[in-house]
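Trainee: I have a structure to read and some questions about it. Can we go through them one by one?

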Amino acid sequence: MKKQASFLFRRTVPVLLGLGLTAGVVSSCSKYLDVNPQGQPKAEQFFQTQADATLAINAAYGKLREWNLTAFNWLAVTTLTSDDAEKGSVAGDAEFLNNFVFFRITSTEGAVEGYWTGQYQGINVCNQVIQNVPNVSAMDATLKARYVAEAQFVRSLQYFNLVRAFGDVPLSVKPAETPDELNPARAPKDQVYAQIVSDLTAAAAVLPTSYSAADQGRATKGAALALLSKVKLYQKNWADALSASDQVMALNYALAPDFYKMFRVPGENGTESIFEIQSQTLVGNCGASNNQWAQVQGVRPQFGWGFFNPTADLEAAFEPGDTRKLGTILLRGSTTPDGDKIDPNASNMRYNMKAYVPNSYPKDCNYGADQNIRVLRLGEVLLINAEAANELGQSAKALVDVNRIRVRAGLAPLAAGLSQDALRQAIWKERRVELALEYGDRYFDLVRQGRAGIVLRAAGKNFVDGKNELMPIPLSQITLSGGKLTQNPGY
């Protein structure tokens with residue numbers, strides 16, 4: 001029996017759990033036997049009705065908040081590799097996380113494999129939707145097109161996460177039918193980026209600007225354009241980043257007046273929100289609706305597990321009077337604006353305030369299971385717009401954008417007359433404190449800015465230039481591919 005790579009894009013439908021946007025998904029395991037999975041319908045048997053199509057697209061969203069993509073594996077790769085977070089918790093607990101703090105990462109690291117596998121499992125679900133929903137006969141044509149566009153957005157987000165972490169990665173845009181499609185080689189990152197841009201452009205042309213309450217949280221035109229602007233920022237395509245972010249800013253978004261409240265459960269999907277991973281629990285079905293992003297970061301032992309804590313360096317990055325500091329860093333022994341007294345004997349000095357859920361909020365499942373994860377919001381789009389405008393020599397426009405962010409934070413506006421480089425540094429600093437500990441951008445930002453080695457070595461990390469700009473390709477995947485997958489330099 002032949003073994004195949006764990007991200008196989010089979011023509012079978014993953015098990016779909018629950019109903020609505022919080023539906024979960026159980027997909028591929030670490031290894032496959034060369035037989036059809038038992039107990040799962042083939043795609044052509046499943047995609048018969050509009051209800052089937054709805055379950056499938058909901059599963060694509062549900063996949064975004066499972067363990068690999070929100071908890072230890074996600075936070076290890078995206079957050080511990082930055083200067084914003086340290087392992088936290090207590091000595092001896094999950095010590096493997098320090099491999100990411102100090103860049104001792106190897107190709108056998110389980111968290112890297114989990115990150116890789118989780119993204120590809122989600123892509124598999126999206127591919128099924130994109131391939132099969134157009135062929136559902138008894139379904140409204142407009143809804144068909146929308147579901148496909150939603151899947152294109154989600155797939156783009158997952159490929160963006162992959163290409164930033166690994167560089168060249170296998171690229172599959174439909175369920176596999178041939179041996180080569182079951183086990184694709186790594187595609188050049190430019191080709192992956194081209195697919196992302198194509199998907200987002202197509203999605204933006206179809207998706208609505210808003211939804212009714214029943215469909216709140218689905219990808220919108222603004223979400224596709226916002227992610228497109230971010231992708232273009234990473235490609236250093238300043239003109240396209242400016243154009244896409246301009247289009248988002250022309251839509252009906254507004255900065256939330258209170259930074260702290262924006263990250264509480266009542267502040268979810270607010271005026272600033274562009275796309276959030278929805279995490280509302282299903283009563284009586286915690287397994288299907290579970291999100292442990294907040295739990296693994298909560299104050300130990302009071303709320304959660306106490307990992308992924310803000311560093312002293314991040315705390316010091318906030319200017320005096322910056323209200324974002326209260327909304328980002330939760331201090332041991334403090335009292336939160338919601339009235340919770342944080343244990344003065346908690347295991348660590350600092351915790352991620354963005355992951356905090358007040359004790360007064362009802363809990364049907366684990367701590368923080370209802371805490372949405374903010375992926376895209378207007379604050380980031382303004383900073384994308386500012387950075388692109390500055391790189392294009394439009395300093396006045398850039399200042400307007402960045403000063404909207406600073407004024408909301410209670411800070412004085414930046415003065416006119418800064419050099420392009422000085423304004424660039426100021427925008428980068430604003431990006432750090434505005435988005436800290438939110439959706440894991442700091443490490444990737446440092447890499448794209450070309451200063452990862454300088455900044456991270458100054459933070460006491462063993463970052464090696466020419467190696468640690470990328471994660472290793474999981475050795476298990478190379479083995480399962482029969483050596484078809486190649487390793488990144490240095491690993």
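Trainee: What should the 14 residues of helix α10 span at 1.5 Å a residue, and how far apart are its end C-alpha atoms?

Mentor: First, this is a predicted model, where local features need pLDDT of at least 70, side-chain atom pairs count only at pLDDT 80 or more, and totals for chains, interfaces and linings use all residues. Residues are numbered from 1 along each chain as its sequence is written, and side-chain values use heavy atoms, with hydrogens and water left out. Helices (H or I, at least four residues) and strands (E, at least two) are DSSP runs, numbered from the N terminus, and the expected span of a helix is 1.5 Å times one less than its number of residues. For α10, residues 221-234, the expected span is 20 Å, and the end C-alpha atoms agree with that, being apart by 20 Å.

Trainee: Is α10 largely enclosed by the rest of the structure or not, and how many of its residues are buried?

Mentor: Buried means under 20% relative accessible area, exposed over 50%, partly exposed in between (1.4 Å probe, protein chains only). α10 is largely enclosed by the rest of the structure, because its buried residues number 13 of the 14.

Trainee: Which residue with a positive phi follows α10?

Mentor: Most residues other than glycine have a negative phi. Here a residue that is not a glycine has a positive phi of about 60°. It lies in the loop between α10 and α11 (238-249). At 45% relative accessibility it counts as partly exposed. The residue is Lys-236.

Trainee: Which residue caps the N-terminal end of α7?

Mentor: Helix α7 covers residues 141-166 and reaches 37 Å, close to the 38 Å expected. Of its 26 residues, 23 are buried, so α7 is largely enclosed by the rest of the structure. At its N-terminal end, a side-chain oxygen lies 3.1 Å from the backbone nitrogen of Thr-142, and the capping residue is Asp-140.

Trainee: What is the volume of the second largest pocket?

Mentor: A pocket is found on a 1 Å grid over the protein atoms alone: it is an open set of points where a 1.4 Å probe fits, with protein on both sides within 12 Å along at least five of seven lines, and lining residues have an atom within 4 Å of a point. A volume is the space filled by probe spheres set on the points, which are joined across faces, edges and corners. α7, α9 (189-206) and α19 (442-448) each supply at least two residues of the lining of the second largest pocket. Its volume is about 360 Å³.

Trainee: Which residues lie nearest the centre of the largest pocket?

Mentor: The largest pocket holds about 420 Å³ of space. Its lining has 20 residues, and those nearest its centre are Thr-209, Ser-210, Thr-220, Tyr-253 and Ser-273.

Trainee: Which residues does Thr-311 contact, leaving aside neighbours within four places in sequence?

Mentor: Thr-311 lies in the loop between β7 (307-310) and α15 (312-317). At 11% relative accessibility, Thr-311 counts as buried. Contact means heavy atoms within 4.5 Å. The partners are Asp-83, Asp-84, Ala-85, Glu-86 and Arg-350.

Trainee: Which two residues does a cis peptide bond join?

Mentor: Most peptide bonds are trans. This one has an omega of about 5°. One partner, Pro-301, is found in the loop between α14 (293-297) and β7. The cis bond joins Arg-300 and Pro-301.

Key. A polar contact is a pair of N or O atoms within 3.5 Å; within protein, one must be able to donate a hydrogen and the other to accept it, and residues adjacent in sequence count only if both atoms are side-chain atoms.
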